[in-house]
Amino acid sequence: MENNRSLNRQKRGPAAARRKNSRRGGESDARRKEDRAPGGRTGRGHASKGGSRHEGRPAARRREDRPPAAPAPVNDHTKLSFPKAGNMLYPIPAVLVSLRDPDTGFPNLFTVAWTGTVCTDPPMVSIAVRKERFSYGILQRSKAFVINLVNEPLLRACDFCGVWSGRDLDKFTACGLTEGDAVTVAAPIVQESPVNIECQVRQVLPLGSHDLFLAEVTHVQVDRAFMDEGGRFHLEDAGLTCYVHGKYFGLGQALGSFGYSVRKRRPGK
Ligand SMILES: Cc1cc2nc3c(=O)[nH]c(=O)nc-3n(C[C@H](O)[C@H](O)[C@H](O)COP(=O)(O)O)c2cc1C
């Protein structure tokens, strides 16, 4: 990208480059921030394709009359302070948490992105939950939940369960999802999810907007479809999704594997 830009700058000559630079100098911080937004699809950087397509035709508008082109994204690692210190740890999984009200027996589902692995032995995870959630009271009473990983077929339900409350509707039915049985906890699993992580709450830490539910993983169920005959689990085939700054994404191709940077390369590889 930088090479293309330098090339284009050279083609247009130093005056054009100076004009462009002075425009860039006048840009507001907000505009620059937008350039660096996740996904980075600003429509810029496509503007200059050499111009040969229109050669010989009368130009509808002269280049100088057009509104100034926005700057190409910077890539010199110059830093800007983000307007608000907040959670910017991405990508993260957005998961479907399933639970059951111990008093009514009703199941519920809600979406949680503030979740993470916190300990290997004993295996522990956390979910951060706002007190306002219908699920919060259920969790406090049941002390049990299941984290259901979200793959592409489940993504719409994942979003839906994050905007509707179990106070108002039965989300399992609304999403056409199946309540399966957990092996170790008093909560249903989402049968359609490729991985169901059964969790027993051990501690609740009040933090502020959210309470952190620290839970021990007591059992894991996986979809047989992703297990091969040798007993290897191919989670990479499950079509998992992730959440990045307000948007959902698929995972794309594998780029390496644990320790690949220090592994000896075989000749020809
Ligand atoms: C992508 C996404 C991530 C979310 N992450 C959380 C979270 O980490 N903690 C939380 O309390 N609410 C989170 N929510 C909001 C709840 O899922 C939402 O308020 C839901 O309607 C609560 O359902 P309930 O009232 O049935 O418990 C998230 C919503 C979405 C769409």
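Here are a few notes on this predicted model, starting with the ligand and moving on to some backbone oddities.

1. Start at the ligand. The shell around it holds 21 residues, and those that come nearest are F134, S135, G162, S165 and G166. Three elements give two or more residues each to that shell: β2 (107–112), β4 (124–130) and α4 (134–142). Of the elements, β2 gives the most, with four residues.

2. What is the shell around the ligand made of, in nonpolar, polar and charged residues? The split is 11 nonpolar, six polar and four charged.

3. Now the backbone. Most peptide bonds are trans, and most residues other than glycine have a negative phi. The next points list some departures.

4. Y90 and P91 are joined by a cis peptide bond, with omega at about 0 degrees. You'll find P91 in the loop between α3 (29–35) and β1 (95–100).

5. A cis bond also runs from D121 to P122, where omega is near 5 degrees. P122 sits in the loop between β3 (115–119) and β4.

6. H77 isn't a glycine, yet its phi is positive, near 65 degrees. Look for H77 in the loop between α3 and β1. Is H77 buried or exposed? H77 counts as exposed because just 5 other C-beta atoms lie within 10 Å, and the cut-off for exposed is 12 or fewer.

7. H245 is another non-glycine residue with a positive phi, near 50 degrees. H245 lies in the loop between β10 (241–244) and β11 (247–250). With 12 other C-beta atoms within 10 Å, H245 is exposed too.

Terms used. Residues are numbered from 1 along each chain as its sequence is written. This is a predicted model: local features need pLDDT of at least 70, side-chain atom pairs count only at pLDDT 80 or more; totals for chains, interfaces and linings use all residues. A residue is near a molecule or strand if its C-beta atom, placed from the backbone, lies within 6 Å of it. Ala, Val, Leu, Ile, Met, Phe, Trp, Tyr, Cys and Pro count as nonpolar, Asp, Glu, Lys and Arg as charged, and the others, Gly among them, as polar. A residue is buried if 20 or more other C-beta atoms lie within 10 Å of its own, exposed if 12 or fewer, and partly exposed in between; C-beta atoms are placed from the backbone.
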